[in-house]
Amino acid sequence: MPSAEEAQRVGAALVAQLDDYLLPRLARLDAPLLVVVGGSTGAGKSTLVNSIVRAPVSAAGVLRPTTRSPVLVSNPADLPWFQQGRLLPGLVRTRESSTDARTLQLVSAPGLGAGLAFLDAPDIDSVVDLNRKLAAQLLAAADLWLFVTTAARYADAVPWELLTTARLRGTVIALVLDRVPPEAAGEVATHLGDMLAVRELGGAPLFVLPEIRLDGQGLIPEDVIRPLHDWFGQLASDANARGAVVRQTLDGALIALGPAVEGLAEAAEEQGRAAKALNDRVDAAYRNARRTMAEGLRDGRLLRGEVLARWQEFVGTGEFLKTLENKVGQLRDKLISAITGRPLPGRNLQAALESQLVTLLRGVAADAAEQAYAAWQAHPAGAALLEPALQRPSPELPERAERLVRDWQEWVLGLVRSEGAEKRVVARGAAYAVNGAGLAVMIAVFTTTAFIPTGLEVASGAATTVAAQKVLEAIFGDQAIRTLATQAREDLMLRVGELLDQEAARFGDRLAQAGPAADPGSELRRAAAEVEEARSELALTGSAS
(Lines give C-alpha, C1' and ligand atoms only; values in the text may rest on other atoms or scores of the structure.)
Protein backbone atom coordinates (compact mmCIF):
# COMPACT_ATOMS: atom_id res chain seq x y z
CA MET A 1 0.00 0.00 0.00
CA PRO A 2 1.13 3.63 -0.42
CA SER A 3 1.54 3.91 3.35
CA ALA A 4 3.90 0.94 3.55
CA GLU A 5 7.15 2.77 2.82
CA GLU A 6 6.57 5.40 5.49
CA ALA A 7 5.44 2.76 8.00
CA GLN A 8 8.59 0.74 7.31
CA ARG A 9 10.71 3.85 7.88
CA VAL A 10 8.95 4.65 11.16
CA GLY A 11 9.13 1.02 12.29
CA ALA A 12 12.85 0.82 11.53
CA ALA A 13 13.45 4.12 13.37
CA LEU A 14 11.57 2.84 16.43
CA VAL A 15 13.53 -0.40 16.50
CA ALA A 16 16.78 1.56 16.15
CA GLN A 17 15.85 3.87 19.02
CA LEU A 18 14.94 0.92 21.22
CA ASP A 19 18.28 -0.74 20.55
CA ASP A 20 20.43 2.39 20.43
CA TYR A 21 18.99 4.36 23.30
CA LEU A 22 15.90 3.26 25.22
CA LEU A 23 17.00 -0.20 26.36
CA PRO A 24 20.58 0.81 27.25
CA ARG A 25 19.40 3.96 29.06
CA LEU A 26 16.68 2.14 31.00
CA ALA A 27 19.26 -0.46 32.03
CA ARG A 28 21.43 2.28 33.52
CA LEU A 29 19.89 5.64 34.32
CA ASP A 30 23.14 6.92 35.87
CA ALA A 31 25.26 6.35 32.75
CA PRO A 32 27.05 9.46 31.40
CA LEU A 33 24.80 11.99 29.73
CA LEU A 34 25.25 11.95 25.96
CA VAL A 35 25.11 15.26 24.11
CA VAL A 36 24.71 14.70 20.36
CA VAL A 37 25.94 17.69 18.37
CA GLY A 38 23.96 17.92 15.15
CA GLY A 39 23.21 20.44 12.49
CA SER A 40 23.58 21.51 8.89
CA THR A 41 26.55 21.11 6.62
CA GLY A 42 29.34 23.56 7.46
CA ALA A 43 27.66 24.82 10.64
CA GLY A 44 30.89 24.31 12.60
CA LYS A 45 29.88 21.33 14.76
CA SER A 46 33.34 19.80 14.96
CA THR A 47 34.94 23.16 15.69
CA LEU A 48 32.38 23.72 18.45
CA VAL A 49 33.11 20.34 20.10
CA ASN A 50 36.85 20.97 19.90
CA SER A 51 36.40 24.40 21.40
CA ILE A 52 34.27 23.19 24.33
CA VAL A 53 36.82 20.52 25.36
CA ARG A 54 39.73 22.82 24.35
CA ALA A 55 41.43 20.18 22.22
CA PRO A 56 41.32 19.16 18.52
CA VAL A 57 39.46 15.90 19.13
CA SER A 58 37.25 15.93 16.02
CA ALA A 59 38.55 16.74 12.55
CA ALA A 60 37.37 20.08 11.18
CA GLY A 61 37.94 21.50 7.71
CA VAL A 62 36.48 23.07 4.63
CA LEU A 63 35.76 19.86 2.73
CA ARG A 64 32.15 18.61 2.94
CA PRO A 65 31.11 16.41 4.52
CA THR A 66 33.85 16.78 7.14
CA THR A 67 32.52 14.33 9.74
CA ARG A 68 31.97 11.09 7.85
CA SER A 69 31.91 8.81 10.90
CA PRO A 70 30.73 9.90 14.37
CA VAL A 71 33.25 10.91 17.03
CA LEU A 72 32.42 10.44 20.71
CA VAL A 73 34.40 12.48 23.23
CA SER A 74 34.27 11.70 26.94
CA ASN A 75 36.22 11.93 30.16
CA PRO A 76 38.63 8.98 30.56
CA ALA A 77 36.58 7.72 33.52
CA ASP A 78 33.46 7.42 31.34
CA LEU A 79 35.16 5.75 28.40
CA PRO A 80 34.50 2.13 29.58
CA TRP A 81 30.72 2.70 29.44
CA PHE A 82 30.85 3.73 25.81
CA GLN A 83 33.34 0.97 24.94
CA GLN A 84 30.89 -1.70 26.16
CA GLY A 85 28.72 -1.14 23.14
CA ARG A 86 25.35 -1.09 24.90
CA LEU A 87 24.63 2.35 23.53
CA LEU A 88 24.49 2.39 19.71
CA PRO A 89 25.37 -1.32 19.51
CA GLY A 90 25.35 -1.32 15.71
CA LEU A 91 28.49 0.86 15.50
CA VAL A 92 31.95 -0.66 15.70
CA ARG A 93 34.16 1.00 18.32
CA THR A 94 37.54 2.33 17.27
CA ARG A 95 40.19 4.61 18.74
CA GLU A 96 41.41 5.73 15.32
CA SER A 97 40.00 8.28 12.92
CA SER A 98 37.82 6.64 10.28
CA THR A 99 35.74 7.48 7.23
CA ASP A 100 33.52 4.42 7.74
CA ALA A 101 30.04 5.52 8.81
CA ARG A 102 29.58 2.19 10.61
CA THR A 103 32.31 3.00 13.15
CA LEU A 104 32.24 5.12 16.31
CA GLN A 105 35.54 6.76 17.16
CA LEU A 106 36.08 7.04 20.91
CA VAL A 107 38.27 9.92 22.08
CA SER A 108 39.39 10.60 25.64
CA ALA A 109 39.38 14.26 26.77
CA PRO A 110 40.68 14.87 30.33
CA GLY A 111 39.53 18.48 30.10
CA LEU A 112 35.90 17.38 29.87
CA GLY A 113 34.14 16.80 33.17
CA ALA A 114 33.05 13.26 34.07
CA GLY A 115 29.41 12.34 33.54
CA LEU A 116 29.11 14.20 30.23
CA ALA A 117 30.07 13.14 26.69
CA PHE A 118 29.79 14.78 23.27
CA LEU A 119 29.03 12.97 20.05
CA ASP A 120 29.93 14.86 16.87
CA ALA A 121 27.40 13.58 14.30
CA PRO A 122 27.44 13.76 10.50
CA ASP A 123 25.48 16.52 8.77
CA ILE A 124 21.70 16.18 8.88
CA ASP A 125 21.52 17.49 5.29
CA SER A 126 24.62 15.75 3.99
CA VAL A 127 24.92 15.02 0.28
CA VAL A 128 25.73 11.45 1.35
CA ASP A 129 22.52 9.51 2.04
CA LEU A 130 24.18 7.19 4.57
CA ASN A 131 25.41 10.21 6.55
CA ARG A 132 21.91 11.69 6.74
CA LYS A 133 20.45 8.41 7.97
CA LEU A 134 23.23 8.01 10.53
CA ALA A 135 22.72 11.58 11.76
CA ALA A 136 19.02 10.91 12.36
CA GLN A 137 19.86 7.65 14.15
CA LEU A 138 22.38 9.38 16.44
CA LEU A 139 19.98 12.20 17.28
CA ALA A 140 17.44 9.59 18.41
CA ALA A 141 20.07 8.27 20.85
CA ALA A 142 20.74 11.67 22.46
CA ASP A 143 19.98 12.57 26.06
CA LEU A 144 20.46 16.16 24.94
CA TRP A 145 20.62 17.47 21.39
CA LEU A 146 22.89 20.43 20.80
CA PHE A 147 21.64 21.85 17.52
CA VAL A 148 24.16 23.99 15.66
CA THR A 149 23.16 26.34 12.83
CA THR A 150 24.44 29.55 11.30
CA ALA A 151 23.07 32.97 10.58
CA ALA A 152 22.87 31.99 6.93
CA ARG A 153 21.19 28.57 7.43
CA TYR A 154 18.99 28.80 10.53
CA ALA A 155 15.72 28.95 8.55
CA ASP A 156 16.43 25.85 6.42
CA ALA A 157 13.59 23.33 6.35
CA VAL A 158 15.49 20.11 7.15
CA PRO A 159 16.82 21.21 10.58
CA TRP A 160 13.38 22.38 11.64
CA GLU A 161 11.83 19.06 10.70
CA LEU A 162 14.33 17.29 12.96
CA LEU A 163 13.87 19.85 15.73
CA THR A 164 10.13 19.22 15.63
CA THR A 165 10.74 15.47 15.74
CA ALA A 166 13.06 15.91 18.73
CA ARG A 167 10.45 18.02 20.54
CA LEU A 168 7.76 15.41 19.91
CA ARG A 169 10.08 12.76 21.34
CA GLY A 170 10.67 14.90 24.41
CA THR A 171 14.40 15.26 23.79
CA VAL A 172 16.03 18.10 25.71
CA ILE A 173 17.37 20.62 23.19
CA ALA A 174 19.92 23.42 23.31
CA LEU A 175 20.78 25.58 20.29
CA VAL A 176 23.88 27.37 19.04
CA LEU A 177 23.52 30.13 16.44
CA ASP A 178 27.02 30.30 14.98
CA ARG A 179 28.89 32.77 12.77
CA VAL A 180 26.54 35.67 13.34
CA PRO A 181 27.73 39.03 11.97
CA PRO A 182 27.90 41.42 14.95
CA GLU A 183 25.70 44.01 13.25
CA ALA A 184 22.95 41.39 12.67
CA ALA A 185 23.17 39.52 15.99
CA GLY A 186 20.12 41.11 17.61
CA GLU A 187 17.86 40.81 14.57
CA VAL A 188 18.80 37.23 13.75
CA ALA A 189 18.61 36.05 17.34
CA THR A 190 15.17 37.61 17.74
CA HIS A 191 13.87 36.01 14.58
CA LEU A 192 15.26 32.62 15.56
CA GLY A 193 13.67 32.98 18.98
CA ASP A 194 10.31 33.71 17.37
CA MET A 195 10.63 30.62 15.17
CA LEU A 196 11.43 28.52 18.22
CA ALA A 197 8.43 29.88 20.11
CA VAL A 198 6.06 29.11 17.22
CA ARG A 199 7.28 25.49 17.28
CA GLU A 200 6.93 25.25 21.07
CA LEU A 201 10.71 25.30 21.56
CA GLY A 202 10.90 28.73 23.18
CA GLY A 203 12.26 27.28 26.42
CA ALA A 204 15.34 25.78 24.80
CA PRO A 205 18.64 27.52 25.77
CA LEU A 206 20.01 29.57 22.85
CA PHE A 207 23.67 30.56 22.54
CA VAL A 208 24.72 33.12 19.92
CA LEU A 209 28.32 33.00 18.72
CA PRO A 210 29.67 35.86 16.61
CA GLU A 211 31.59 35.48 13.41
CA ILE A 212 35.26 35.50 14.55
CA ARG A 213 38.71 34.25 13.64
CA LEU A 214 39.76 30.90 15.11
CA ASP A 215 42.92 30.68 17.17
CA GLY A 216 46.08 28.86 16.16
CA GLN A 217 44.59 25.43 17.07
CA GLY A 218 41.46 26.07 15.07
CA LEU A 219 39.41 26.70 18.24
CA ILE A 220 36.91 29.41 19.08
CA PRO A 221 38.55 31.82 21.52
CA GLU A 222 37.84 31.05 25.16
CA ASP A 223 36.10 34.33 25.87
CA VAL A 224 33.65 33.70 23.04
CA ILE A 225 32.92 30.08 23.86
CA ARG A 226 32.84 30.65 27.65
CA PRO A 227 29.01 30.91 28.08
CA LEU A 228 28.51 27.56 26.38
CA HIS A 229 31.54 26.02 28.10
CA ASP A 230 30.32 27.13 31.53
CA TRP A 231 26.78 25.88 30.89
CA PHE A 232 28.03 22.41 30.09
CA GLY A 233 30.54 22.61 32.95
CA GLN A 234 27.71 23.17 35.42
CA LEU A 235 25.76 20.31 33.92
CA ALA A 236 28.78 18.02 34.23
CA SER A 237 29.32 18.95 37.87
CA ASP A 238 25.67 18.55 38.93
CA ALA A 239 24.54 14.91 38.99
CA ASN A 240 20.98 15.92 39.82
CA ALA A 241 20.81 18.25 36.81
CA ARG A 242 22.19 15.55 34.53
CA GLY A 243 19.71 13.06 35.94
CA ALA A 244 16.83 15.46 35.33
CA VAL A 245 17.87 15.85 31.67
CA VAL A 246 18.20 12.09 31.22
CA ARG A 247 14.84 11.38 32.82
CA GLN A 248 13.05 14.10 30.87
CA THR A 249 14.38 12.87 27.54
CA LEU A 250 13.80 9.23 28.43
CA ASP A 251 10.26 9.88 29.61
CA GLY A 252 9.51 11.89 26.47
CA ALA A 253 10.86 9.12 24.26
CA LEU A 254 8.68 6.56 26.02
CA ILE A 255 5.61 8.79 25.74
CA ALA A 256 6.30 9.27 22.03
CA LEU A 257 6.24 5.51 21.50
CA GLY A 258 2.45 5.46 21.94
CA PRO A 259 1.47 7.66 18.96
CA ALA A 260 4.22 6.17 16.80
CA VAL A 261 3.11 2.62 17.50
CA GLU A 262 -0.54 3.59 16.98
CA GLY A 263 0.43 4.86 13.55
CA LEU A 264 2.17 1.58 12.84
CA ALA A 265 -0.88 -0.35 14.06
CA GLU A 266 -3.12 1.60 11.71
CA ALA A 267 -0.72 1.03 8.82
CA ALA A 268 -0.56 -2.68 9.65
CA GLU A 269 -4.34 -2.88 9.73
CA GLU A 270 -4.48 -1.13 6.37
CA GLN A 271 -2.13 -3.82 5.10
CA GLY A 272 -4.47 -6.44 6.54
CA ARG A 273 -7.49 -4.86 4.89
CA ALA A 274 -5.64 -4.68 1.60
CA ALA A 275 -4.63 -8.33 1.89
CA LYS A 276 -8.23 -9.33 2.60
CA ALA A 277 -9.50 -7.25 -0.33
CA LEU A 278 -7.00 -8.91 -2.67
CA ASN A 279 -7.85 -12.34 -1.32
CA ASP A 280 -11.56 -11.63 -1.77
CA ARG A 281 -10.96 -10.71 -5.40
CA VAL A 282 -9.18 -13.98 -6.04
CA ASP A 283 -11.93 -15.88 -4.23
CA ALA A 284 -14.54 -14.15 -6.39
CA ALA A 285 -12.70 -15.03 -9.61
CA TYR A 286 -12.34 -18.70 -8.72
CA ARG A 287 -15.82 -18.90 -7.21
CA ASN A 288 -17.10 -17.72 -10.58
CA ALA A 289 -14.99 -20.45 -12.18
CA ARG A 290 -16.72 -23.08 -10.02
CA ARG A 291 -20.11 -21.63 -10.94
CA THR A 292 -19.25 -21.72 -14.64
CA MET A 293 -18.09 -25.31 -14.29
CA ALA A 294 -21.29 -26.31 -12.49
CA GLU A 295 -23.41 -24.62 -15.18
CA GLY A 296 -21.39 -26.41 -17.83
CA LEU A 297 -22.33 -29.72 -16.25
CA ARG A 298 -26.02 -28.83 -16.12
CA ASP A 299 -26.76 -27.04 -19.38
CA GLY A 300 -25.88 -29.84 -21.76
CA ARG A 301 -23.03 -28.03 -23.51
CA LEU A 302 -20.77 -31.03 -22.90
CA LEU A 303 -23.19 -33.29 -24.80
CA ARG A 304 -22.66 -31.57 -28.13
CA GLY A 305 -20.25 -32.15 -30.95
CA GLU A 306 -17.98 -35.17 -30.52
CA VAL A 307 -19.70 -36.40 -27.37
CA LEU A 308 -23.12 -36.32 -29.03
CA ALA A 309 -21.81 -38.17 -32.05
CA ARG A 310 -20.18 -40.82 -29.89
CA TRP A 311 -23.29 -41.17 -27.75
CA GLN A 312 -25.45 -41.66 -30.84
CA GLU A 313 -22.98 -44.23 -32.08
CA PHE A 314 -22.88 -45.99 -28.75
CA VAL A 315 -26.63 -46.07 -28.14
CA GLY A 316 -27.97 -45.99 -31.66
CA THR A 317 -26.05 -49.08 -32.81
CA GLY A 318 -27.22 -51.10 -29.86
CA GLU A 319 -23.80 -51.38 -28.28
CA PHE A 320 -25.12 -49.95 -25.04
CA LEU A 321 -27.77 -52.62 -24.57
CA LYS A 322 -25.39 -55.35 -25.64
CA THR A 323 -22.81 -54.39 -23.06
CA LEU A 324 -25.43 -54.55 -20.36
CA GLU A 325 -27.38 -57.66 -21.45
CA ASN A 326 -25.27 -59.97 -23.56
CA LYS A 327 -22.24 -61.76 -22.19
CA VAL A 328 -21.78 -63.48 -25.51
CA GLY A 329 -21.68 -60.07 -27.17
CA GLN A 330 -19.00 -59.10 -24.68
CA LEU A 331 -16.80 -62.03 -25.63
CA ARG A 332 -17.48 -61.46 -29.34
CA ASP A 333 -16.55 -57.78 -29.11
CA LYS A 334 -13.37 -58.61 -27.25
CA LEU A 335 -12.38 -61.02 -29.98
CA ILE A 336 -13.25 -58.54 -32.78
CA SER A 337 -11.38 -55.80 -31.00
CA ALA A 338 -8.31 -57.96 -30.64
CA ILE A 339 -8.38 -58.96 -34.36
CA THR A 340 -9.31 -55.61 -35.93
CA GLY A 341 -7.73 -53.21 -33.43
CA ARG A 342 -10.98 -51.24 -33.14
CA PRO A 343 -11.65 -49.66 -29.71
CA LEU A 344 -13.79 -51.55 -27.24
CA PRO A 345 -17.44 -50.41 -27.06
CA GLY A 346 -17.79 -47.09 -25.28
CA ARG A 347 -14.07 -46.25 -25.40
CA ASN A 348 -14.63 -43.53 -27.98
CA LEU A 349 -17.45 -42.06 -25.90
CA GLN A 350 -15.33 -42.12 -22.76
CA ALA A 351 -12.45 -40.38 -24.57
CA ALA A 352 -14.81 -37.74 -25.95
CA LEU A 353 -16.24 -37.06 -22.50
CA GLU A 354 -12.73 -36.74 -21.10
CA SER A 355 -11.69 -34.29 -23.81
CA GLN A 356 -14.77 -32.10 -23.34
CA LEU A 357 -14.36 -32.03 -19.58
CA VAL A 358 -10.65 -31.15 -19.77
CA THR A 359 -11.38 -28.39 -22.28
CA LEU A 360 -14.08 -26.90 -20.05
CA LEU A 361 -11.88 -27.13 -16.96
CA ARG A 362 -8.89 -25.50 -18.65
CA GLY A 363 -11.13 -22.75 -19.96
CA VAL A 364 -12.64 -21.82 -16.60
CA ALA A 365 -9.18 -21.91 -14.96
CA ALA A 366 -7.80 -19.58 -17.63
CA ASP A 367 -10.73 -17.19 -17.22
CA ALA A 368 -10.30 -17.19 -13.42
CA ALA A 369 -6.59 -16.40 -13.69
CA GLU A 370 -7.30 -13.49 -16.03
CA GLN A 371 -10.08 -12.15 -13.80
CA ALA A 372 -7.97 -12.38 -10.63
CA TYR A 373 -5.02 -10.76 -12.41
CA ALA A 374 -7.16 -7.88 -13.67
CA ALA A 375 -8.73 -7.41 -10.23
CA TRP A 376 -5.30 -7.15 -8.60
CA GLN A 377 -4.06 -4.84 -11.33
CA ALA A 378 -6.82 -2.39 -10.42
CA HIS A 379 -5.75 -2.35 -6.75
CA PRO A 380 -2.77 -0.21 -5.59
CA ALA A 381 -1.28 -3.05 -3.56
CA GLY A 382 -2.22 -5.83 -5.97
CA ALA A 383 -0.50 -4.21 -8.94
CA ALA A 384 2.80 -4.27 -7.06
CA LEU A 385 2.47 -7.98 -6.28
CA LEU A 386 1.67 -9.20 -9.77
CA GLU A 387 4.02 -11.21 -11.93
CA PRO A 388 3.31 -12.15 -15.58
CA ALA A 389 2.88 -15.87 -14.85
CA LEU A 390 -0.20 -15.16 -12.72
CA GLN A 391 -2.15 -13.97 -15.76
CA ARG A 392 -2.28 -17.55 -17.03
CA PRO A 393 -3.04 -20.91 -15.41
CA SER A 394 -0.08 -22.77 -13.98
CA PRO A 395 2.02 -24.78 -16.48
CA GLU A 396 0.98 -27.98 -14.69
CA LEU A 397 -2.75 -27.35 -15.15
CA PRO A 398 -3.26 -29.34 -18.40
CA GLU A 399 -1.68 -32.46 -16.96
CA ARG A 400 -3.52 -32.10 -13.66
CA ALA A 401 -6.84 -31.54 -15.45
CA GLU A 402 -6.41 -34.68 -17.55
CA ARG A 403 -5.46 -36.71 -14.50
CA LEU A 404 -8.46 -35.34 -12.61
CA VAL A 405 -10.93 -36.41 -15.31
CA ARG A 406 -9.39 -39.86 -15.69
CA ASP A 407 -9.44 -40.40 -11.93
CA TRP A 408 -13.05 -39.25 -11.78
CA GLN A 409 -14.10 -41.61 -14.55
CA GLU A 410 -12.46 -44.48 -12.72
CA TRP A 411 -14.24 -43.44 -9.56
CA VAL A 412 -17.61 -43.43 -11.36
CA LEU A 413 -16.98 -46.93 -12.66
CA GLY A 414 -16.11 -48.02 -9.14
CA LEU A 415 -19.29 -46.41 -7.84
CA VAL A 416 -21.39 -48.27 -10.42
CA ARG A 417 -19.58 -51.49 -9.67
CA SER A 418 -20.22 -51.09 -5.95
CA GLU A 419 -23.89 -50.13 -6.43
CA GLY A 420 -24.57 -53.02 -8.81
CA ALA A 421 -22.54 -55.69 -7.07
CA GLU A 422 -25.67 -57.56 -6.06
CA LYS A 423 -27.46 -57.08 -9.36
CA ARG A 424 -27.65 -60.20 -11.50
CA VAL A 425 -27.32 -58.48 -14.89
CA VAL A 426 -24.23 -56.52 -13.91
CA ALA A 427 -22.67 -59.60 -12.36
CA ARG A 428 -23.30 -61.49 -15.61
CA GLY A 429 -22.11 -58.60 -17.81
CA ALA A 430 -18.90 -58.15 -15.81
CA ALA A 431 -16.68 -55.26 -16.92
CA TYR A 432 -18.75 -54.37 -20.00
CA ALA A 433 -21.86 -53.94 -17.91
CA VAL A 434 -20.00 -51.73 -15.50
CA ASN A 435 -18.52 -49.66 -18.33
CA GLY A 436 -21.84 -49.23 -20.06
CA ALA A 437 -23.67 -48.26 -16.88
CA GLY A 438 -20.78 -46.00 -15.85
CA LEU A 439 -20.89 -44.16 -19.16
CA ALA A 440 -24.61 -43.68 -18.82
CA VAL A 441 -24.13 -42.24 -15.33
CA MET A 442 -21.45 -39.89 -16.68
CA ILE A 443 -23.86 -38.72 -19.38
CA ALA A 444 -26.50 -38.18 -16.71
CA VAL A 445 -24.06 -35.95 -14.78
CA PHE A 446 -23.98 -33.49 -17.68
CA THR A 447 -27.75 -32.89 -17.77
CA THR A 448 -30.28 -31.06 -15.68
CA THR A 449 -32.51 -34.13 -15.34
CA ALA A 450 -31.83 -37.63 -14.13
CA PHE A 451 -30.82 -38.66 -17.61
CA ILE A 452 -30.61 -37.19 -21.15
CA PRO A 453 -32.60 -33.99 -21.97
CA THR A 454 -35.54 -34.23 -24.34
CA GLY A 455 -33.71 -32.48 -27.16
CA LEU A 456 -30.86 -34.95 -27.02
CA GLU A 457 -33.27 -37.87 -26.83
CA VAL A 458 -34.77 -36.77 -30.10
CA ALA A 459 -31.37 -36.24 -31.67
CA SER A 460 -30.17 -39.64 -30.49
CA GLY A 461 -33.23 -41.62 -31.40
CA ALA A 462 -35.75 -41.56 -28.60
CA ALA A 463 -36.78 -45.18 -28.69
CA THR A 464 -33.28 -46.55 -28.28
CA THR A 465 -32.34 -44.03 -25.58
CA VAL A 466 -35.47 -44.61 -23.56
CA ALA A 467 -34.85 -48.30 -23.85
CA ALA A 468 -31.35 -47.83 -22.55
CA GLN A 469 -32.66 -45.82 -19.64
CA LYS A 470 -35.25 -48.47 -18.86
CA VAL A 471 -32.56 -51.13 -18.73
CA LEU A 472 -30.54 -49.05 -16.29
CA GLU A 473 -33.62 -48.42 -14.18
CA ALA A 474 -34.30 -52.10 -14.20
CA ILE A 475 -30.82 -52.77 -12.93
CA PHE A 476 -30.54 -50.01 -10.34
CA GLY A 477 -34.00 -48.59 -9.96
CA ASP A 478 -35.08 -45.09 -11.00
CA GLN A 479 -34.00 -43.42 -7.74
CA ALA A 480 -30.67 -45.21 -7.85
CA ILE A 481 -29.90 -43.66 -11.25
CA ARG A 482 -30.65 -40.20 -9.89
CA THR A 483 -28.58 -40.89 -6.77
CA LEU A 484 -25.61 -42.16 -8.77
CA ALA A 485 -25.67 -39.15 -11.08
CA THR A 486 -25.89 -36.78 -8.09
CA GLN A 487 -23.02 -38.51 -6.33
CA ALA A 488 -20.90 -38.44 -9.47
CA ARG A 489 -21.62 -34.76 -10.07
CA GLU A 490 -20.79 -33.84 -6.46
CA ASP A 491 -17.54 -35.80 -6.57
CA LEU A 492 -16.53 -34.16 -9.83
CA MET A 493 -17.21 -30.68 -8.47
CA LEU A 494 -15.23 -31.54 -5.33
CA ARG A 495 -12.25 -32.51 -7.46
CA VAL A 496 -12.66 -29.42 -9.62
CA GLY A 497 -12.80 -27.25 -6.49
CA GLU A 498 -9.55 -28.71 -5.20
CA LEU A 499 -7.86 -28.08 -8.54
CA LEU A 500 -9.08 -24.49 -8.69
CA ASP A 501 -7.94 -23.98 -5.10
CA GLN A 502 -4.45 -25.03 -6.17
CA GLU A 503 -4.59 -22.48 -8.97
CA ALA A 504 -5.84 -19.72 -6.66
CA ALA A 505 -3.09 -20.57 -4.15
CA ARG A 506 -0.55 -19.00 -6.51
CA PHE A 507 -2.10 -15.63 -5.69
CA GLY A 508 -2.31 -16.57 -2.02
CA ASP A 509 1.40 -17.36 -1.96
CA ARG A 510 2.17 -13.87 -3.22
CA LEU A 511 0.00 -12.41 -0.46
CA ALA A 512 1.66 -14.58 2.18
CA GLN A 513 5.08 -13.30 1.16
CA ALA A 514 4.06 -9.66 1.47
CA GLY A 515 1.17 -9.61 3.92
CA PRO A 516 1.33 -8.93 7.69
CA ALA A 517 0.96 -11.53 10.40
CA ALA A 518 -2.46 -12.18 11.88
CA ASP A 519 -3.86 -9.11 13.67
CA PRO A 520 -0.58 -7.17 14.05
CA GLY A 521 -2.43 -3.99 15.02
CA SER A 522 -3.74 -5.53 18.24
CA GLU A 523 -0.30 -6.90 19.12
CA LEU A 524 1.30 -3.50 18.61
CA ARG A 525 -1.34 -1.72 20.69
CA ARG A 526 -1.03 -4.29 23.47
CA ALA A 527 2.74 -3.85 23.59
CA ALA A 528 2.43 -0.04 23.59
CA ALA A 529 -0.12 -0.18 26.42
CA GLU A 530 2.21 -2.33 28.52
CA VAL A 531 5.08 0.11 27.94
CA GLU A 532 2.90 3.06 28.92
CA GLU A 533 1.76 1.30 32.09
CA ALA A 534 5.37 0.56 33.05
CA ARG A 535 6.40 4.17 32.26
CA SER A 536 3.67 5.51 34.54
CA GLU A 537 4.80 3.23 37.35
CA LEU A 538 8.42 4.31 36.88
CA ALA A 539 7.46 8.03 37.13
CA LEU A 540 10.73 9.25 35.62
CA THR A 541 9.79 12.92 35.95
CA GLY A 542 8.17 12.55 39.36
CA SER A 543 4.60 12.09 38.09
CA ALA A 544 2.60 9.68 35.99
CA SER A 545 1.56 12.41 33.53
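**Exercise 1.** In this predicted model, determine which residues of helix H4 are exposed on the side opposite its buried residues, and what the buried residues pack against.

*Solution.* Begin with the outward side, where Leu 130 and Lys 133 are exposed. Turn next to the buried residues of H4, which spans residues 129-139; these are Asn 131, Leu 134, Ala 135, Leu 138 and Leu 139. Because these buried residues cover an arc of only 135° around the axis, they lie on the same side of H4. The general rule behind such a pattern is that an α-helix has 3.6 residues a turn, so residues three or four places apart point the same way. Finally, look for the partners of this side: the buried residues of H4 pack against strand S1 (33-39), strand S5 (116-120), strand S6 (144-150) and helix H5 (157-169).

**Exercise 2.** Locate Pro 210 among the strands, decide whether Pro 210 is buried, partly exposed or exposed, and list which residues it touches, not counting those up to four places away in sequence.

*Solution.* Pro 210 belongs to strand S8, which covers residues 206-210. Its relative accessible area is 31%, and since buried means under 20% and exposed over 50%, Pro 210 is classed as partly exposed. Leaving out residues up to four places away in sequence, Pro 210 touches Arg 179, Val 180 and Val 224. For Val 224, which is 14 residues from Pro 210 along the chain, the separation of the two C-alpha atoms is 7.9 Å.

**Exercise 3.** State what percentage of the residues in the protein is buried, and how many helices and strands the protein has.

*Solution.* Of the 545 residues in the protein, 47% are buried. The protein has 19 helices and 8 strands.

Terms used
Residues numbered from 1 in each chain as written. Predicted model: local features only at pLDDT ≥ 70, side-chain atom pairs only at ≥ 80, totals over all residues. Heavy atoms only, no water. Buried < 20%, exposed > 50% of the residue type's maximum accessible area, 1.4 Å probe, protein only. Helix = DSSP H or I, 4+ residues; strand = E, 2+ residues; numbered from the N terminus. Arc of directions from axis to C-beta. Contact = heavy atoms within 4.5 Å.
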